[in-house]
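Student: Got a minute to go through this one with me? I'd like to start with a helix.

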Amino acid sequence: MPSSPRHRQRSAPPALFAVVLLASLLAGTALAPCAAWAQAGAAADARRPAEVAQVLFGIVSYVRWPVARQEVRVCMVGAPRYGAAIVDTPASSLGQRIRVKVPAAASAASECDVVYLGSLPEGEREHLLAQLIGKPILSVAEPGTSCTVGTMFCLRLNEAQIGFDVNLDAIARSGLRVHPNALQIARRKGPPP
């Protein structure tokens with residue numbers, strides 16, 4: 001007995017089913033590398049603060065002040081993106097005791113041996129750097145912030161590593177001695193970001 005038109009079920013043509021299946025497989029394989037890339041990027045982002053702190057304190061270990069310091073006072077000024085990892089570092093780095101503090105920008109020239117510059121309005125940054133000129137205070141700009149003329153070390157990020165650029169004029173005017181190895185490391189630039 002023939003079925004009535006109301007109860008007849010139509011199945012999709014096999015070609016249409018194959019196209020839908022192929023499209024879903026392609027979408028899955030196209031998204032898999034994107035998901036893996038996103039996970040790798042998230043893992044790198046999670047490691048960045050510790051890596052920035054390690055590079056900062058590595059630079060500090062290469063610097064000698066005109067008068068030996070019992071304790072190196074590292075001051076974070078502005079809004080540092082990687083500040084939490086810097087605060088969480090141990091109290092000593094390569095034999096130097098380190099104390100991290102967050103002073104007002106205006107008092108950084110009198111309270112700090114190292115000024116780590118986070119995000120700061122350009123006018124405030126220039127005013128602070130003008131106060132540091134000629135003083136034995138190491139200045140390091142955080143990655144992603146503006147690296148203005150008076151800054152001694154400017155950290156930079158690329159996908160594989162954290163590097164830094166060096167301003168030899170600013171270092172010479174400060175009276176600080178920087179070990180030549182730090183300058184050699186700065187010359188070995190990785191691929192551009």
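Tutor: Sure. Keep in mind that this is a predicted model. Take α4: G123 and H127 are exposed on one side of this helix.

Student: And which residues of α4 are buried?

Tutor: R125, L128, L129 and L132. Viewed down the axis of α4, the buried residues fall within an arc of 95 degrees, so they line one face of the helix.

Student: Why would spaced residues share a face?

Tutor: An α-helix has 3.6 residues a turn, so residues three or four places apart point the same way.

Student: What does the buried side of α4 pack against?

Tutor: β2, α3 (108-111), β5 (114-117) and β6 (138-141). Just after α4, G134 has a positive phi of about 80 degrees.

Student: Switching to the cores. Which residues touch the most other members in the largest nonpolar one?

Tutor: W65, Y116, L138, F153 and L155, out of 30 residues. α1 gives the most to this core, with 7 residues. Apart from it lies another core of 12 residues, including V77, C112, L132 and I137.

Student: What does F153 contact, beyond its sequence neighbours?

Tutor: Among others, I59, L138, V140, F164, I171 and V178.

Student: Now P66. Where does it sit, and is it buried or exposed?

Tutor: P66 is in the loop between β1 (63-64) and β2 (71-77). P66 is exposed, with a relative accessible area of 55%.

Student: What is P66 in contact with, leaving aside neighbours within four places in sequence?

Tutor: P136, G175 and L176. P66 and P136 are 70 residues apart along the chain, and their C-alpha atoms are separated by 7.3 Å.

Key: Residues numbered from 1 in each chain as written. Predicted model: local features only at pLDDT ≥ 70, side-chain atom pairs only at ≥ 80, totals over all residues. Heavy atoms only, no water. Helix = DSSP H or I, 4+ residues; strand = E, 2+ residues; numbered from the N terminus. Buried < 20%, exposed > 50% of the residue type's maximum accessible area, 1.4 Å probe, protein only. Contact = heavy atoms within 4.5 Å. Arc of directions from axis to C-beta. Core = buried A, V, L, I, M, F, W, Y, C linked by side-chain atoms within 4.5 Å.
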